[in-house]
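Colleague: Could you take me closely through the interior of this protein, beginning with its largest cavity and what lines that space? I would like one connected account rather than a list.

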Amino acid sequence: MRVWAPQARTVELVLPGPDEGGDERLALDPGDGGWWAGAHDLPHGTDYALSLDGGPPRPDPRSPWQPEGVHGPSRVFDAGRFDWADGAWAGRDVRGAVIYELHVGTFTAEGTLDAAIPRLGHLADLGVEVVELLPVAPFNGRHGWGYDGVSLYGVHQPYGGPAALQRFVDAAHRAGLAVCLDVVHNHLGPSGNYLAEFGPYFTDAHQTPWGAAINLGEPEVRRWIIDSALRWLRDFHVDALRLDAVHALVDDTPRHVLAELADAVAALATDLGRPLSLIAETDLNDPVSITPTAEGGWGMTAQWADDVHHAVHALLTGERQGYYVDFGSPETLAHAMTRVFVHEGGHSTFRGRDWGRPVPDGVDGHRFVVFGSDHDQVGNRALGDRPSDRLDDDALAAEAALIVLSPFTPMLFMGEEWGARTPWLFVTDHPEPELAEAVRQGRSAEFGSHGWATMYGRTDDEFTVPDPQAAESLERSRLDWAEPALPGHRRLYDWYRRLIALRREVDDLGSGDRSRTALTWDPAAEGSGGTAEDHSPEAARDRAWRSWLVLHRGDARVVINLSGDEQTVPLSRTGSPQVLAAWAAGGARVLTDEDGARVVVPGHTVVVLR
């Protein structure tokens, strides 16, 4: 038993007794570097806690199991007890793979990892290659998003605890699916966070949206982060980690903690003989995240690219509020599809300053994860509404084609593949009344000044932000697994399935070569109506693009007609295009003559050609 507590004068191992007040306390011995240790062999399933200077029992900062919640004792978990059946699993690099983001608590009615296992066949049939789990670290209460976890080494007990995660990963591998785990290293939740009692885990030298920053100037804090990451990859057979909001990891040391982590993961991948991936979520628009560590970068395998989402979403919906203000035109979408970052050093209106750096031309597009929906872009809307709440199936089919057939690594958000009509709301379950009320008020204040009432077509008096603590918010957010079998939903699911298959069947459509990617559009079309300051639904509809676009991917073409009228779209000067897939009420006609190839497409149509 070892624990790092450099500020403590005494440290005791507390073994709960059968009766209240009957705990056994065993002194740990001080060692080098602030570490305390004892020759206590605790078998699997043993409950224990730690007391500093005679204080109350606290969970282990490296607790692997919190069966009684974040305030209760830790429990020993022997990861080596599990009998793995994934010996034939060779691993999978995330670059270019189709990722599927899911939240364990709302993916099924039961909200557990074991309940999610029978749904893995649905994902394999769809063509998904990587399942990304939102954070599973223990947090206070039964349900929530998981981004307020307080134990980097544990698995939330209502999800099934650590053994359930092993069962899920094993089942996913046997279904041919890699597993990516979303982990949060940049902050801890407000309830159950006892780290500051153990040592200088935080520093007031830097502030983040969640308070004092993680103290990355302390080597043992860095080790605490890196060891937790390696544990998931080694002991739980996880294939990738998605690192939440790494821009909030403020590191003043000569070598960024992410570079240190990247090199440690690369060494582990060599030892294990399978690829291991790190995906960074970062708001910086800076390719330093994916630059190799040998060249001074952070060495991430890939990073999220929100600008691609914003460009697609704003074009199709016409929304211009908040961070969508600089997006929405075909020119902006073309920039995102080829340059990745729309803000690559120029002015960002939303931020009020110059922002970002350009991605070098030779960088593979597969280094960037893009999406039409994700947990943030749905759950951080005032009503948790998905694009399916604002777009018809034809526009959803166009969004799918732009994302899945882009030169990037595409990610779907659970239910997106069938156009789920269930919202996905921000939900919490804080037992502390004062914390619950603070979350309610904070959520209402956040949306009160952003024109959401107008955007939803309501007055301020009619508009109410759903209560994150309400049981109804959780139940409304659960996926409805009866929907995929319904005709309209099934058609969209089959479309996604076909698009994903085309990534494998057609080299150009699966390529990450941005130099062979372009976007053209109807030069005669002009925007109409509404201004960026007008957030009404009517203005948004007027701003949405209502003509044709063509996404060029090498010798392949993705033709999208967002208007209600038949359109004749130029394709190329040579060749006789072949239709590979079509979302259309009527057939597309290919015309070839001395003027080149054109395709005649009905209104509200998407056609993929080669």
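Modeller: Strand 10 gives the most to the lining of the largest cavity, with 3 residues, and this should be read as a feature of a predicted model. The elements that give two or more residues to that lining are strand 10 (178–183) and helix 6 (219–235), while the lining as a whole is made up of 19 residues, with A137, S151, L152, V183 and V184 lying nearest the centre of the cavity. The space in this largest cavity comes to about 160 Å³, and the structure holds 7 cavities of 30 Å³ or more.

From the cavity one can turn to the nonpolar packing. The largest nonpolar core has 153 residues, of which L133, L241, W495 and V608 touch the most other members; helix 11 (residues 393–404) gives the most to this core, with 9 residues. Leaving aside neighbours within four places in sequence, L133 is in contact with L102, V104, L113, L165, F168, V179, C180, L181 and D182. A second, separate core of 14 residues includes I99, I279, W304 and M411. As a general point, nonpolar side chains in soluble globular proteins tend to be buried together.

V608, another of the residues that touch the most other members of the largest core, leads to strand 27. Strand 27 (residues 605–609) is mostly covered, with 5 of its 5 residues buried. T605, V607 and L609 point one way from the strand and V606 and V608 the other way, and all are buried. In a regular strand the side chains alternate between the two faces of the sheet. Strand 27 pairs in the antiparallel sense with strand 22 (residues 556–561) over 5 bridges, and with strand 24 (residues 579–583), again in the antiparallel sense, over 4 bridges. In the pairing with strand 22, R557 has L609 as its bridge partner, whereas A581 stands opposite V608.

The domain assignment gives domain 1 (2–58), domain 2 (99–185 + 220–501) and domain 3 (520–609), and the C-alpha centres of domain 1 and domain 3 lie 67 Å apart. R58 lies in the loop between strand 6 (47–52) and strand 7 (74–75). R58 counts as buried because its relative accessibility is 18%, under the 20% cut-off. Its contacts, leaving aside neighbours within four places in sequence, are A49, L50, Y194, E197 and F198.

Conventions: Residues are numbered from 1 along each chain as its sequence is written. This is a predicted model: local features need pLDDT of at least 70, side-chain atom pairs count only at pLDDT 80 or more; totals for chains, interfaces and linings use all residues. Side-chain values use heavy atoms; hydrogens and water are left out. Buried means under 20% relative accessible area, exposed over 50%, partly exposed in between (1.4 Å probe, protein chains only). Contact means heavy atoms within 4.5 Å. Domain bounds come from an automatic or database domain assignment. Two strands pair if DSSP finds at least two bridges between them. A nonpolar core is a set of buried Ala, Val, Leu, Ile, Met, Phe, Trp, Tyr and Cys residues joined through side-chain atoms within 4.5 Å. On a 1 Å grid over the protein atoms alone, a cavity is a set of points where a 1.4 Å probe fits but cannot get out, and a pocket is an open set with protein on both sides within 12 Å along at least five of seven lines; lining residues have an atom within 4 Å of a point. Grid points are joined across faces, edges and corners, and a volume is the space filled by probe spheres set on the points.
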